[in-house]
Amino acid sequence: MSEYFDAGSFTPRYHGIFDTHAHYNDQRFDDDRATLLPALPSLGVSNAIVVGYDIPSSEKAVEIAGTEPFLYAAAGFHPENLEEYGEEGLEKLREILKNDKIVAIGEIGLDYHWKEFGPDIQQRAFRRQLELAAELNLPVIIHAREATEDTLRILADFKGLPGVLHCFSGSAETAKIITGWGFYVGFTGVLTFKNGRKPAEACAEVPIDRLLMETDCPYMAPEPWRGKRSCSPMIQSVAEKMAEIKGVTPQEMIDIAAENAKRLFRV
Ligand SMILES: [Zn+2]
């Protein structure tokens, strides 16, 4: 039980948080999802996007988003979850994307940290889903890990496609390039870590109207919850750090990031 977020001892300092990347479809939320999600508005969170990573998790994201008016969903094949990727898988994805709760295709991208699927199939799946997003006029949520060069090379062909590089771990230079192409950049609890100098430098480089906040829950819990299962209210720590970097108040930063999210995801 200790990993559960204790809403009773949590005091929200701000309001209007938009968590642009949450995996409430993860089994680590199975036991308390039904009580945690309805409580989010009283904990300072106005909106959250439940993000899929394969067909079952995308279906579950849509189902969960359907339980609350302030929740949305994204569907797609994550580069580590390409087992079902193929013509049939893409057809299933198209079906899921028809749902009213869908606001984006994601998460999609490249991950060379885990070697389960090689660069070739990862790149094919990434490109194909970017094309699908362009065809369906949907924004994209991009995951890129240890694959900066190839990610940039592929995205260079999709300049102008609305999207976010989520859980950004790249350099300030990369942040400058992609925001120049119109992409948004999302930061998680990593921004609050003691060794978070690199993301802080990247955050400083991102124009304030291109910044998004996210948990990537159940992962990446910010300080002072580092190592625990994360959830959307914890974003207040990320907001404080981001506000410090940008020279605004945390509430102003939350409001700006929420406006950015609404513009990108058209909600
Ligand atoms: Zn994620």
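Which elements do the buried residues of α4 pack against? The views below take up this helix, the zinc site and some ring pairs. This is a predicted model, in which local features need pLDDT of at least 70 and side-chain atom pairs count only at pLDDT 80 or more, while totals for chains, interfaces and linings use all residues. Residues are numbered from 1 along each chain as its sequence is written, and side-chain values use heavy atoms, with hydrogens and water left out.

**View 1. Helix α4 and its neighbours.** Helix α4 covers residues 119-136; helices (H or I, at least four residues) and strands (E, at least two) are DSSP runs, numbered from the N terminus. Its buried residues are Q122, Q123, A125, F126, Q129, L130, L132 and A133, where buried means under 20% relative accessible area, exposed over 50% and partly exposed in between (1.4 Å probe, protein chains only). These buried residues pack against α3 (87-97), β4 (102-111), β5 (140-145) and α5 (148-155), with contact meaning heavy atoms within 4.5 Å. The 18 residues of α4 should span 26 Å, and the end C-alpha atoms are 25 Å apart, which agrees; the expected span is 1.5 Å times one less than the number of residues. After α4 comes N137, with a positive phi near 60°.

**View 2. The zinc ion and its donors.** Here H21 (NE2), H23 (NE2), E107 (OE) and D216 (OD) are the protein donors, 2.1 to 2.5 Å from the zinc ion. Donors are N, O and S atoms within 2.8 Å of the metal (3.2 Å for Na, K and Ca); water is not among the atoms, so sites may look incomplete. Along the sequence, the donor residues follow the spacing H-x1-H-x83-E-x108-D. Both H21 and H23 are buried.

**View 3. F10 meets W225.** The ring centres of F10 and W225 are 6.1 Å apart and the planes lie at 45°, so this pair is tilted. Rings of Phe, Tyr and Trp (its six-membered ring) pair if their centres lie within 6.5 Å; planes under 30 degrees apart count as stacked, over 60 as edge-to-face and the rest as tilted. F10 lies in the segment before β1 (17-22), and W225 in the loop between β8 (211-213) and α8 (235-246), 215 residues apart. Both residues are buried.

**View 4. F77 beside Y85.** This aromatic pair is edge-to-face, with 5.5 Å from centre to centre and 85° between the planes. F77 is buried at 1% relative accessible area, and Y85 also counts as buried, at 17%.
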